[in-house]
Amino acid sequence: MAGHSTYVPQTGLTRWLDVRLPILRLAHETMTTFPTPRNLNVWYTFGGILTFMLVVQIVSGVVLAMHYVPHADMAFDSVEDIMRDVNYGWLLRYMHSNGAAMFFLAVYIHMFRGLYYGSYKAPREVLWILGMVIYLLMMATAFLGYTLPWGQMSFWAATVITNLFSAIPGVGEAIVTWLWGGFAVDNATLQRFFSLHYLLPFAIAGVVVLHIWALHVPGNNNPLGIDVKSPQDTLPFHPYYTAKDAFYLVLFVIVLAIFIFYAPNYMGHPDNYIPADPLVTPPHIVPEWYFLPFYAILRSIPDKLMGVLALFGAIFTLFVVPWLDTSKVRSARFRPIFKQFFWILVADCILLGYLGSQPADAIWHAGGVEIQLVWIARLATAYYFVHFWIVLPVVGFLEKPLPLPDSIAKPVLPKGHAAAA
Amino acid sequence: MRKILALSCAAALAFAAPALAADEAEHPKQMPWSFDGPFGTYDRAALQRGFQVYKEVCAACHSLKYVAFSAFDDAGGPGFTGEEVKAIAAGYQVPAEPNDQGEIFDADGVRLTRPGIAADRLPSPYANDKAARAVNNGALPPDLSVMVKARHDGPNYVYSLLTGFAEAPADMTMAAGMNYNPYFAGHRIAMAPPLLPDMVTYADGAPASVEQMAHDVVTFLAWAAEPKLEERKKLGLSVLIYLAALAALLYLAYRRVWRDAH
Amino acid sequence: MAHSQSAEPTRRDFLYVATGTVAAVGTALATWPFIDQMNPSAAVLALASIEVDLTPIEQGQSITVMWRGKPVFIRRRSEKEIAEAGAVPLAELPDELARNANLPADALATDADRVTRPEWLVLIGVCTHLGCIPLGQRGDYGGWLCPCHGSHYDTSGRIRKGPAPENLYVPPYAFLSDARIKIG
C-alpha cells in the first residue's frame with residue numbers, strides 16, 4: 001500500500017498540475033491502481049454503494065432545501081408544495097425519504113459484513129471506529145431530517161428523543177430546554193434541527209474521507225481474513241472492482257427505484273401525513289424501521305435513565321468490538337462457533353426490530369399462553385449485550401479455528417498459473 | 001442450517017399477531033381500485049363524480065386546502081379543460097385581499113370575498129379550527145387533502161368508514177352526538193353518516209348509491225393526495241427498463257473484465 | 001493487464017463503449033429533474049397571467065395590479081390625455097421605440113402603438129432608470145414622475161425628461177371583452 005506510485009502524467013497540463021496539486025495522482029493511486037484482494041465478494045460492494053447514497057442524499061437534499069421552509073407554520077405546507085407544484089418535486093422528495101431508508105439498509109449490511117469477516121480487527125480498529133462515527137452521524141442526521149416535514153410522527157419523535165436527555169441527573173432538564181429553545185418542541189427546535197440536518201452530512205463526508213484513508217493504509221480485508229502476502233493476491237481496483245461495484249450498485253439502485261416509483265410511502269408512517277398537533281399524541285409513536293432495534297432496547301428497561309444508558313450502551317458496545325473479540329483469526333469462515341453466534345446476533349437484531357415496532361403493552365397469545373412482548377424484548381436486549389461482552393471474548397479464547405489457507409491466491413488460481421499483472 | 005433456523009425463527013415470530021383489543025377498528029373492506037398496482041391509473045369519470053360528491057357533501061365541513069383549481073386540468077387528474085377550470089374556480093367565493101381601504105371585513109363583520117381564479121386553492125368552509133369546532137360540537141373535521149395517505153390502507157379505510165355506519169350494538173353506550181362505526185378506532189365517531197342514497201345527482205347520470213358515491217369520492221381523494229401518481233408510475237417503468245438494460249450491460253462488462261483474473 | 005487483450009479488441013471494446021455510453025446517457029437524463037426543479041413551479045406559473053376587471057375604473061382614474069411580482073398601471077385616459085399624447089412629434093421623444101410587448105421590437109413610440117384601445121393605457125410601473133415606481137399624474141408632462149431621480153413620463157408613459165433611458169414598458173395583454181383584460 002505504501003508503494004511507489006506508478007502514475008505518469010501524459011499531457012503538459014497534467015504534468016503542470018501534478019507538480020502543484022497531485023490530485024490526479026491521488027485518484028490514480030486510490031481508485032485505479034490500488035491493489036485490492038482478488039477474492040472480495042458481493043458483501044464488499046456496499047462501501048461503494050454507501051458513497052453513492054451519500055451523494056444522492058446530499059444532492060437531493062440541497063435541491064429540496066431550495067423549496068422547503070423550516071418554520072413550524074409553513075413546513076408541512078412547503079412539503080406539499082414540493083410534492084404538487086415544484087417540477088419533479090415529488091420525485092426529489094421520494095428520492096430523499098426512500099434514499100435515507102436504503103442508505104441505512106446498506107450501512108447495516110456493510111456493518112454486519114465487517115462483523116462477520118473480522119474487518120474490525122488489528123490493524124483496522126481505527127477504520128472500524130471511524131465507521132461507527134459515521135453511523136452515529138447518520139443516525140443523528142436521519143433523526144433531525146425526520147422532524148422537518150412537521151407531521152405527527154416528526155413532532156412526537158422529536159419530543160420523545162429530546163426528552164431522553166432529561167434522564168441525565170442534575171443538568172438533564174436544562175439540557176432539554178437548551179435543545180428545545182423553549183418549553184416544548186416548537187418552531188425554535190425545528191429551525192435549529194434544519195440547520196444541523198443541512199450541516200451534518202458534510203461532516204459525514206469528511207469522516208468518510210478519513211474512513212477511506214484509514215482503509216487504504218493496511219488495505220482491504222477479504223473473506224478469508226488473511227493478509228495479502230504478494231502481488232498475486234491482489235488486482236488493481238480499476239477495472240476489476242470498478243466494474244464489479246458498478247454492477248452491484250445498479251442492482252441496488254433498482255431496488256431503490258422500485259420503492260421510489262411503486263411503493264414510495266411503504267417504509268414511512270401514515271401519521272406523518274397528519275400535521276403536527278402538540279395536543280394530540282398518536283396512539284403508537286414509532287421511529288423509522290432503522291431505529292427500531294434501539295427503540296426496543298430503550299423501552300425494555302423500565303427505568304428512564306437506565307433505558308437511556310442501555311440505548312447508548314448498545315451503540316458504545318459497537319465502538320469497542322475490536323477489543324471484545326479475542327480471536328486471532330479474523331474471518332467467520334474459519335470460526336465455526338463464532339459463525340453460529342453471528343447468525344443468532346442477526347436474528348436477535350431482527351427480533352429487536354420487530355419488537356420496536358409493536359406497542360409497548362403488546363401481548364402474544366401462543367398456544368393458550370399469554371406473553372408480554374416487553375419480556376421478550378428484555379431477553380433480546382440481554383442477549384445483545386451478552387453476545388458482545390461475553391460471547392465474543394469467551395468464544396475467541398476457547399474456539400479452535402479451522403486451518404487457514406496459505407494465501408489468498410492459492411485457493412483461487414489453478415496450480416502453476418500466473419496471475420494477471 | 002443453524003443460520004436458516006435462526007432467521008426463520010425471527011421471521012415466524014414476525015407473523016405472530018397480537019390479539020385485537022375490544023373497540024379496535026375493524027380491518028377495512030378490501031376493494032379493487034383503478035389506481036392499484038404498478039400500472040394503475042385514476043378512472044377519470046370517477047374523479048369527476050368524486051369531485052361532485054366532495055363539493056356537494058363533504059366540502060360543507062372538510063377543507064381540501066392543498067388542492068389548487070389549476071390542478072384540475074393537469075394530466076393524470078379529473079381531465080377538466082382550462083375553460084371548465086376557470087368556471088369551477090369562479091363558482092367559488094374565496095377570501096379577498098384587503099380592499100383599497102385596507103378592509104377585509106364588510107360593515108356587518110362578514111369576511112369580504114371574491115370569485116376564485118385557477119391559481120387559488122379550494123377555500124375552507126371555516127375561518128379557522130376554532131370556528132370549525134364551535135359548529136361541530138367541539139370536533140374538528142380534518143382537512144382531506146392527504147387523508148388517503150394519512151391512514152393505514154387509506155383508500156380502503158376511507159371507503160369502509162363511509163359505508164360502514166350502522167346501528168350501535170345494544171350493549172354499547174353512545175354519548176350524545178356520537179355515531180357508531182366499527183371501522184373507526186373506538187367505534188364512536190363524531191361525524192354523522194354523510195352519504196345517503198341519491199343525495200347527489202351525477203352529471204353523467206350514473207346511479208348514486210352510497211357505495212358508488214363512496215367509491216367515487218375515495219378515488220377523488222386519492223388523486224387529491226397523490227396527483228402525480230400516473231406520472232410517477234409511468235416514469236418508473238422507463239427508469240426500471242433502463243436500469244435493467246444497464247444492469248445487463250454492466251454484468252457482461254464485469255464478467256468480461258474478470259475472465260482474465262482466473 | 002490481461003494477456004488476451006489483442007485477441008478480440010473490437011468486441012470487448014464495443015461492450016465497454018456501449019456500457020459507458022448507456023451509463024453516461026442515463027446519468028445525463030437523470031440530472032434533468034435536479035435542473036428543472038429550479039424552473040418556476042406550478043404555483044408560480046399559475047400566476048403568470050392575471051385577468052383584470054375594468055368596470056370599476058372611471059375615466060381619468062388609474063389602478064395598480066401586481067403581475068409577475070411587478071406593479072402594472074392601468075389607466076382610463078381622458079380625452080385630453082389622449083389628444084396630448086397623440087400630438088407629440090416623434091423627434092421630441094428621447095426614446096423613439098414603442099417598448100410594447102404586443103408589437104414587434106422596432107415599432108415606433110406613437111401613442112397609437114403604445115395602446116390597444118386609446119382609452120386604456122397599460123404600463124409596467126417600473127422606472128426604466130433604476131427600477132423605482134413612478135408616481136401618477138405628476139410631473140411636467142401630465143403623466144408620471146419618478147421621485148428617485150426625477151424622470152418625467154407623459155400621458156402615454158413615454159420618457160420626456162430625466163435620466164431614464166427608455167419609455168415605460170407595455171406588458172403583453174389582450175382584451176377578453178370590453179370590460180376585462182388578461183395580462184401575460
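In chain C of this predicted model, C:Cys146 stands opposite C:Ser151 in β7(C), and I would like to start from that pair and work outwards. The strand β6, residues 142–146 of chain C, is joined to strand β7, residues 151–154 of that chain, by 4 bridges, and the two run antiparallel. They belong to an open sheet of 4 strands in chain C, whose order is β5-β6-β7-β8 and whose pairing is antiparallel. At the edges of this sheet stand β5, residues 135–136, and β8, residues 159–161, and because each has a single partner strand, one side of each is left without a neighbour in the sheet.

Chain C also holds an open sheet of 3 strands, with antiparallel pairing and the order β2-β3-β4. Here the edge positions are taken by β2, residues 61–67, and β4, residues 120–124, each of them with a single partner strand, so that one side of each again lacks a neighbour in the sheet. If we ignore direction, neighbouring strands of this sheet are turned against each other by 20° on average. Looking at one pairing in more detail, β2(C) and strand β3, residues 70–76 of chain C, pair in the antiparallel sense over 7 bridges, and if you wish to find a position on the structure, C:Met66 stands opposite C:Pro71 in β3(C).

Let me turn to chain A, where β3(A) is joined by 4 bridges to strand β4, residues 369–372 of chain A, and the two run antiparallel. These two strands form a hairpin with 2 residues between them, and in the turn A:Gly367 has a positive phi of about 55°. Within the pairing, the bridge partner of A:His365 in β4(A) is A:Glu370.

A positive phi also turns up in chain B, at B:His187, where the value is near 65° in a residue other than glycine. You will find B:His187 in the loop between β3, residues 179–180, and β4, residues 188–189, of chain B.

While we are on the backbone, there are cis peptide bonds in chain A to point out. The bond from A:Ala122 to A:Pro123 is cis, with omega near -5°, and A:Pro123 lies in the loop between α5 and α6, the latter covering residues 125–147 of chain A. The bond from A:His238 to A:Pro239 is likewise cis, with omega near 5°, but A:Pro239 is found in helix α10 of chain A.

That helix brings me to the interface between chain A and chain B. Here 48 residues of chain A are in contact with 46 residues of chain B, and the area buried between the two chains is about 4,200 Å², of which carbon and sulfur atoms give 71%. Between these chains there are 10 residue pairs in polar contact, counting pairs with both residues at pLDDT 80 or more. On the side of chain A that touches chain B, the elements that give two or more residues are α4 (75–84), α5, α10 (237–262), α14 (336–357) and β3 (363–366) of chain A. Of these, α10(A) gives the most, with 16 residues. By residue class, that side of chain A divides into 37 nonpolar, 4 polar and 7 charged residues.

How many salt bridges are there between chain A and chain B? The count is 1, and in it B:Arg121 is paired with A:Asp85, the closest N and O atoms being 2.7 Å apart.

For the last part, the contact between chain A and chain C takes 15 residues from chain A and 12 residues from chain C. These chains bury about 1,200 Å² between them, with 66% of it on carbon and sulfur atoms. In chain A, the residues that lose the most area to chain C are A:Asp85, A:Asn87 and A:Tyr88, which together account for 40% of what that side buries. A:Asp85 therefore comes up in both interfaces, since the salt bridge to B:Arg121 also involves A:Asp85. Across the interface of chain A and chain C the rule finds 0 salt bridges, while 4 residue pairs are in polar contact, with both residues at pLDDT 80 or more. The elements of chain A that give two or more residues to the side touching chain C are α3 (46–64) and α5 (89–117). The residues of that side divide into 10 nonpolar, 3 polar and 2 charged.

Conventions:
Residues are numbered from 1 along each chain as its sequence is written. Chains are lettered from A and ligands numbered from 1 in the order in which they are written. This is a predicted model: local features need pLDDT of at least 70, side-chain atom pairs count only at pLDDT 80 or more; totals for chains, interfaces and linings use all residues. Side-chain values use heavy atoms; hydrogens and water are left out. Two strands pair if DSSP finds at least two bridges between them. Axes are lines fitted to C-alpha atoms, for helices over the stretch in contact, and angles run from 0 to 180 degrees between N-to-C directions. Contact means heavy atoms within 4.5 Å. Buried area is the accessible area (1.4 Å probe) that two parts lose on being put together, summed over both. A salt bridge is a side-chain nitrogen of Lys or Arg within 4 Å of a carboxyl oxygen of Asp or Glu. A polar contact is a pair of N or O atoms within 3.5 Å; within protein, one must be able to donate a hydrogen and the other to accept it, and residues adjacent in sequence count only if both atoms are side-chain atoms. Ala, Val, Leu, Ile, Met, Phe, Trp, Tyr, Cys and Pro count as nonpolar, Asp, Glu, Lys and Arg as charged, and the others, Gly among them, as polar.
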